[in-house]
Every structure is written in structure tokens, then in C-alpha cells.
There are 2 protein chains.
Amino acid sequence: MTARIIDGKLIASELRARVAAEVVRVKRENGLTPGLAVVLVGSDPASQVYVRSKHKQTQEAGMASFEHVLPADVAQDDLLALIAKLNRDPAVHGILVQLPLPKSLHTETIINAIDPAKDVDGLHPSNAGRLAGGFAALSPCTPLGCIILTKSVHASLAGLNAIVIGRSNLVGRPLVQLLLNENATVTIAHSRSRDLPKLCARADLVYAAVGKPEMVRGDWIKPGATVIDVGINRLPALEGKTRLVGDVAFAEALAVAGAITPVPGGVGQMTVACLLVNTLRAACAIHGLPAPAV
Amino acid sequence: MTARIIDGKLIASELRARVAAEVVRVKRENGLTPGLAVVLVGSDPASQVYVRSKHKQTQEAGMASFEHVLPADVAQDDLLALIAKLNRDPAVHGILVQLPLPKSLHTETIINAIDPAKDVDGLHPSNAGRLAGGFAALSPCTPLGCIILTKSVHASLAGLNAIVIGRSNLVGRPLVQLLLNENATVTIAHSRSRDLPKLCARADLVYAAVGKPEMVRGDWIKPGATVIDVGINRLPALEGKTRLVGDVAFAEALAVAGAITPVPGGVGQMTVACLLVNTLRAACAIHGLPAPAV
């Protein structure tokens, strides 16, 4: 058997189209234009690429996009003042501070200053707490993307055995909460787990989010399982070039799994699309409108 | 084999003694008397019993105990004003609002009004979020008690396979976070999980927190496993009396497990003792002192 390859690029573009259609609707019916403010501190090239991509996709979805670029040596109080201004700005429904921040800034203090209602990255403790408590919350974008990709294969995740490998704040831990909300039975494994291959082999749904190239091997996968690979690792390749690989040994897993995400072209495609979803959701919630159908 | 019975009463009394010793120390070294304020709304008899027990144990530990009793028809604003006063009061380091509240009050609004630094019940979204994020936090008392009871059997939980049956905000979900912090591999199961007996039979540590009398049977338990029973269910008994049973079929599990908590006399004993731990921790944190050794 060869697994079905889950096309993250296609699913993300369909999701963006649904967001754009909903944006048209809330503009028409409610006179509301969702707005996303992205704050970039310094000039890290990778961060600049991400911010440009967010800017472009936000505009393509019909939303307002606000970009704020501050010098790397900005005073923490000045950044906090900008966030306070964005918190008050009625045209802004989502605020994203691009991470990582320069070391002179205290990331936790900055994140905590964002109005939780506008925290479209889902990183404020209040959102993490609401998510952990099973309440409606803005959830981090990458785990949200993982759920949407899984649901492109399984209409319902109820009662399925899922394993999440990796317990980071950005992916593993919130993903566990989202899977619980979908009524999956969830095991969370990590570097201290014993006999990971055996744990993994029991799972109908495998989420690899450890940042170790090709760690999850083909013989760890239960035949027919769905494999979602969150890892993006850059390895040296021929002629001084590099190549991207995930946390799953793709070719091996492809021969065993029922469905699998590629790297690149899988989870990575979903993150910005889910940011747009969160911005739309935040805008509707702030205006007391029903949650959008995306 | 007959399991060792984990003596919650003894472990709780040892814990209270350690708290009392630390209270003596911080009084002497730092002139600090930890203080707990308990707010009771209405006159529910069970809540009155709990509040009295907390009051007594707080005083026995050498802490200041403040009791506030409000009528069942108190206005929400008046309750919020009391909480604001307790938030400001430097003699108060822990604030506990006894639940459940009368239906006229909005529980989430009340809990959210408590200063997270004084939220010794660990219910504020900020504490739930910090716990879910793997940061230092005040955690709910019952899950904390479960961990302490487990550690009376296992010096380290690293790499052990744990199953938490039940995903409530008060017990199951925070317990998962605490077990992750102890480096256990954690599976969280619930009413929608398939083949629960088989999932359970793989676990070195079993936590039953579903509120279904004797649901977990002896043949679900891996020989030698440690079983922590969070359930407290009251069943009719002979001559119009009632008896307490847990979520585990105790006699059956006793014959298979390595160690097991009884009901009563197990987890239930730990909750107030852990409230004292949290109050002491909160007092030290508020005063910038190192975490107490309890």
C-alpha cells in the first residue's frame, strides 16, 4: 500500500478561499473589515520573509493588514506602548508579534501585554488556559492546521487513538487540547518516553513535532495510520545545497501509512492560513457576531 | 499479590506537618505569616463542612485564616468588591471561593477576578495557562495530591506510562500537565475512548477521575501498577445507610495492583493539605522568597 499524500498546499488555499468568502460576507452584512497587525522587531531575514508572506495573504483575503517594523534596539516600553495602542485600535482585531524577539526584550512580558481577544497567535496564558480548560479560545496556528489536515482524512476523530510526539508550548501541548476537544484519546510522548516505537505503533493518528530529522521510522507506524509531520529540518544536500526534511522518514512511512503529510507542502502551508482564520474569528467575537463558518 | 494500600490520611498529615514547619521558618526568618481567605456564599451544608475543615487545618498549620460568609442572594458586584479587597490585602496570600456558587452568580467572572498570584485553587485561566505552558503555576489541589501520593510509591515518574481517565477542568486536564512535568508519558482517556480496558492495561500509573462508581475493574489493571482513585461516589447501603466508593472496583484491583489508594482515606485526604501547600507557596512567591521545601 502507498499512503495518500495530504496536500497541504491545496487544503491551505481552499481554507484561504473560505476565509475570503466570509470576509466578503461580514463586510457586506456587518460593515466589518477584519484587520491584522503584525509587529516585527529587528531585521532577521527569515522573520522578514514570514512577515511579508503574512502581509500578502492577509490582503489577498480581503482583510486590512498593518505592518509595524521597529529597530532591534527598541526599548521594551516603546514596544509595550505600541501594543497598548493596537489593543485600543478598533480597526485591529488580531495582533501578532513576530518571534523570536531580540534578547533585550522579555518575550513573556510582551506576549502577556496583548489583549487576549486579539491574540491571534494563541500564546497569551489566558488563551492557553481557556484552551486547556476546554473553553472557546484562540488556539496557536500550527496545531490548528494539524487538526484541519487530519479532518481532510477523517470526518470525525472521536475515539481514535492519537499520539503527539513532542510537548512544546507552541505545538505539542496545545495540539493535545485540540485533539481532546475532537474526542480523540490522546497520548503525549517526549524525549523521556520509553519504547516510543511501540507507543507509536498503537496510534491511528501520529503527530511528530520534535524537530529531529526523520526520527519516526516506517516500522513505528500502524498500517493505515494518518501521519502528520510538523517537523521542518534543513539538512545539507549535494553541491553545497540544503534540503528540507520532516520528523518522519517519509519514504518509509509512505509505504505503511494510510495518509501522510509531505515536508515541505504539508503542515507548513497551513500556519498562515490558520492565522487568517484566527483573525476572522477574533473580529467576529469582538463584534459579538457568531463564529464564522470556515 | 495484594497491593500496598497508599495511606492518604498519613501522607496528608505528614504533608501538613512539613507545611507547619515551613510556616514556623518563614515567620522566624522573614516575619511572614501566610494567610488564607475563604469565601463562602450561602449555606450549603456540604460547603460549610469543607470550609470549617479548611479553617481548622489552616490555623493548625500556623497560618492566618480569614472566613467570609455572604448570603446566597449577594449581588455579584458585592462579591467582586470583596475579592478586590482581598486582592489588595497584604495579610492575604491565598483566596479561595468555595464552589459551587449560587446560580445567580457567574462562576467564571468570579474566578477571573481573583489575583492569579493568590489563586490557591489554581482555577484562574492564567494559572491553567501557565500550567499548560509548562511554567511555574499554582495548580489545582486534587491533581497535586494525586502526584504526591504517586511519589510515595515511585521516587521518579520519568518514562512511566500513565493513563488519566476523565478530562475535567478540575482534575483530569491539570493532572495531565503535572504528569508531563514529571516526565511521564501520558494518555488521557474519556467517555469517547475505545477499548478503555486495553488502554488501561498498558499503564504503569492509573488515575481514575470519572465519577462512575467502580467503573475500573480489576482485569483492566496491569499487574503491579499504581492505582490512584479520585472518585468519591455515595451509594445506598444496608439499613438506609450510604457508603462511599471510588471509580475503581477496589477489592478486584487490590488483588492485581502494586499500590492503590482507598476511598475514603486516599486522594480526598490530600486536597486540603495541598491547599495549605499552595497558600504557603503563594505567600513565598508574593514576597520574592524561594519556593518552600514541602
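## Exercises on a two-chain model

The side chains of A:R130 and B:E108 form a salt bridge with an N to O distance of 2.7 Å. A salt bridge here is a side-chain nitrogen of Lys or Arg within 4 Å of a carboxyl oxygen of Asp or Glu.

This is a predicted model, in which local features need pLDDT of at least 70, side-chain atom pairs count only at pLDDT 80 or more, and totals for chains, interfaces and linings use all residues. Residues are numbered from 1 along each chain as its sequence is written, chains are lettered from A and ligands numbered from 1 in the order in which they are written, and side-chain values use heavy atoms, with hydrogens and water left out.

**Exercise 1. Find how confident the predictor is in chain A, and give the scores of the model.**

Step 1: start with pLDDT, the predictor's confidence in each residue, from 0 to 100. Chain A has a mean of 95, and 100% of its residues reach 70 or more.

Step 2: add the scores for the model, which are ipTM 0.89 and pTM 0.92.

**Exercise 2. Describe the interface of chain A and chain B, starting from its area.**

Step 1: the two chains bury about 2900 Å² between them, and 45% of that lies on carbon and sulfur atoms. Buried area is the accessible area (1.4 Å probe) that two parts lose on being put together, summed over both. Of the area that chain A buries against chain B, 19% comes from A:R173, A:L180 and A:R194, more than from any other three residues.

Step 2: count the residues. Each side is represented by 34 residues, from chain A and from chain B, where contact means heavy atoms within 4.5 Å.

Step 3: turn to the polar side of the interface. The rule finds two salt bridges across it, along with 21 residue pairs in polar contact, both residues at pLDDT 80 or more. A polar contact is a pair of N or O atoms within 3.5 Å; within protein, one must be able to donate a hydrogen and the other to accept it, and residues adjacent in sequence count only if both atoms are side-chain atoms.

Step 4: ask which elements of chain A take part. At least two residues each come from α5 (125–132), α7 (172–181) and β6 (185–189) of chain A; the names follow DSSP runs, with helices (H or I, at least four residues) and strands (E, at least two) numbered from the N terminus. The largest share, seven residues, belongs to α5(A).

Step 5: sort the side of chain A that touches chain B by class, which gives 13 nonpolar, 14 polar and seven charged residues. Ala, Val, Leu, Ile, Met, Phe, Trp, Tyr, Cys and Pro count as nonpolar, Asp, Glu, Lys and Arg as charged, and the others, Gly among them, as polar.

**Exercise 3. Trace the open sheet from one edge strand to the other.**

Step 1: begin where the chains meet. β6(A) and β6 (residues 185–189) of chain B run antiparallel and are joined by three bridges; two strands pair if DSSP finds at least two bridges between them. A:V186 faces B:I188 in β6(B).

Step 2: write out the order of the twelve strands: β1(A)-β11(A)-β8(A)-β7(A)-β5(A)-β6(A)-β6(B)-β5(B)-β7(B)-β8(B)-β11(B)-β1(B), with mixed pairing. The edges are β1 (4–5) of chain A and β1 (4–5) of chain B, each pairing on one side only.

Step 3: look at the chain B edge. Two bridges connect β1(B) with β11 (residues 259–260) of chain B, and these strands run parallel. There, B:I5 has B:I260 as its bridge partner.

**Exercise 4. Locate the cis peptide bonds at A:P100 and A:P264, then describe the turn of the hairpin of β9(A) and β10(A).**

Step 1: the bond from A:L99 to A:P100 is cis, with omega near 0°. A:P100 sits in the loop between β4 (94–97) and α4 (107–113) of chain A.

Step 2: the bond between A:V263 and A:P264 is also cis, with omega about 0°. A:P264 belongs to the loop between β11 (259–260) and α10 (267–286) of chain A.

Step 3: in the hairpin, five residues separate β9(A) from β10(A), and A:E239 in the turn has a positive phi of about 55°. The strands, residues 233–236 and 242–245, run antiparallel with four bridges.
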